[in-house]
Structure formats: structure tokens, C-alpha cells
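Trainee: I should be grateful for a close look at a single part of this model. Please choose one helix, follow its inward-facing residues to their partners, and then place that part within the rest of the chain.

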Amino acid sequence: MSKLQAIKSAQLAARKAKDVPVSNLLTTVIGEAEMVGKSDGNRLSTDEDVLKVLKKFEKGLLETIKICTGDNGRLIALAYAREELVIIRSYLPQK
């Protein structure tokens with residue numbers, strides 16, 4: 001099973017479980033990952049394309065966490081960013 005198919009399956013399961021934060025995040029990842037292939041000759045996105053999108057999300061979430069750390073007014077944003085980071089990393093190869 002490709003990375004994109006695994007993410008789509010997880011997104012469907014999250015929607016069925018009414019897990020809105022996970023469902024929303026995975027929907028966004030799917031959209032961006034599919035756009036890479038469509039923009040490059042209307043082809044299917046490869047696992048490499050999907051990994052690039054996941055790494056971009058990981059980088060953005062790490063920056064968000066860094067910005068929010070130490071600022072008491074942004075604890076909710078920090079919690080969401082950490083949750084999303086765990087989800088994104090579950091699809092990346094182990095380091």
C-alpha cells in the first residue's frame with residue numbers, strides 16, 4: 001500500500017470515528033500530496049512526493065511549537081501542533 005493510500009485509509013477511519021482534528025489534518029495532507037502529482041503532468045503522486053509534503057508539514061509544526069513554547073497565551077495552539085506533529089511523524093520513516 002502506498003503512503004497516500006495509507007493516509008487516505010486513516011483519514012476515512014478518522015471521519016467515521018468523528019475525530020475531527022485528525023480528519024482535518026489528513027484531508028489537508030492528502031490535498032497537498034495529490035496536488036504535487038497533478039501539477040507535474042497530471043500523474044499520481046509517488047511515495048517520494050508524499051514524503052516531501054509530510055516533511056514540509058513536520059517542519060512547519062516544529063516551527064509553530066518553537067514559537068508557542070513559553071507563551072502561556074498560546075498553549076492551545078501548542079497542544080494542537082504537538083498532536084498534529086505526532087500524526088505527521090507516524091507516516092514518515094523512522095529516523
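Mentor: The chain holds four helices and zero strands, and it should be kept in mind throughout that this is a predicted model. Read along the sequence, the pattern is α-α-α-α. The C-alpha atoms fill a box of roughly 45 × 30 × 25 Å, taken along the principal axes. Of the 95 residues in the chain, 32% are buried. Among contacts with a separation of 6 or more, 55% are between residues 24 or more positions apart.

The part I propose to examine is helix H3, which covers residues 47-68. H3 contains 22 residues, and the distance from its first C-alpha to its last is 31 Å, close to the 32 Å expected at 1.5 Å a residue. Its buried residues are Asp-49, Val-50, Leu-51, Val-53, Leu-54, Phe-57, Glu-58, Leu-61, Ile-65 and Cys-68. These buried residues pack against H1, H2 and helix H4, the last of which covers residues 75-89.

Within that list, Glu-58 deserves separate attention. This residue belongs to helix H3, and it is counted as buried because its relative accessible area is 7%, where the limit for a buried residue is under 20%. Which residues does Glu-58 touch, once those up to four places away in sequence are not counted? The partners are Leu-85, Ile-88, Arg-89, Leu-92 and Lys-95. Three of these names, Leu-85, Ile-88 and Arg-89, also appear on the H4 side of the contact between H3 and H4.

That contact can be described in terms of the two helix axes. The axes of H3 and H4 come within 9 Å and cross at roughly 155°. An angle over 145 degrees counts as roughly antiparallel, so H3 is roughly antiparallel to H4. The crossing of the pair is left-handed. On the H3 side, the contact is made by Leu-54, Phe-57, Glu-58, Leu-61, Leu-62, Thr-64, Ile-65 and Cys-68. On the H4 side, it is made by Ala-77, Leu-78, Ala-81, Arg-82, Glu-84, Leu-85, Ile-88 and Arg-89.

Beyond H4, the chain continues into a segment that contains Pro-93. Pro-93 counts as partly exposed because its relative accessibility is 48%. Although Pro-93 and Leu-51 are 42 residues apart in sequence, their C-alpha atoms are 8.6 Å apart in space. Leu-51 is itself one of the buried residues of H3.

We may now turn to H1, another of the helices against which the buried residues of H3 pack. Helix H1 covers residues 3-16, and at 1.5 Å a residue its 14 residues should span 20 Å; the end C-alpha atoms are 20 Å apart, which agrees. The buried residues of H1 are Leu-4, Ile-7, Gln-11 and Ala-14. Seen down the axis of H1, these buried residues fall within an arc of 85°, so they line one face of the helix. They pack against helix H2, which covers residues 20-39, and against H3.

Gln-11 offers a counterpart to Glu-58 for this discussion. Gln-11 lies in helix H1 and counts as buried because its relative accessibility is 11%. Leaving aside neighbours within four places in sequence, Gln-11 is in contact with Ser-23, Leu-26, Thr-27 and Ile-30. Gln-11 and Glu-58 are 47 residues apart in sequence, and their C-alpha atoms are 18 Å apart in space.

Two loop residues complete the account. Lys-18 follows H1 and lies in the loop between H1 and H2. Its phi is near 60°, a positive value in a residue other than glycine. Lys-18 counts as exposed because its relative accessible area is 70%. Asn-42 is found in the loop between H2 and H3, and its phi, near 50°, is likewise a positive value in a residue other than glycine. With a relative accessibility of 64%, Asn-42 counts as exposed.

To return to the helix chosen at the outset: the buried residues of H3 pack against H1, H2 and H4, and Glu-58 is among the H3 residues that make the contact with H4.

Technical notes. Residues are numbered from 1 along each chain as its sequence is written. This is a predicted model: local features need pLDDT of at least 70, side-chain atom pairs count only at pLDDT 80 or more; totals for chains, interfaces and linings use all residues. Side-chain values use heavy atoms; hydrogens and water are left out. The expected span of a helix is 1.5 Å times one less than its number of residues. Buried means under 20% relative accessible area, exposed over 50%, partly exposed in between (1.4 Å probe, protein chains only). The arc is that of the directions from the helix axis to the C-beta atoms. Contact means heavy atoms within 4.5 Å. Axes are lines fitted to C-alpha atoms, for helices over the stretch in contact, and angles run from 0 to 180 degrees between N-to-C directions. Angles under 35 degrees count as roughly parallel, over 145 as roughly antiparallel, 65 to 115 as roughly perpendicular and the rest as oblique. A crossing is left-handed if the near helix is turned anticlockwise from the far one by less than a right angle, and right-handed if clockwise.
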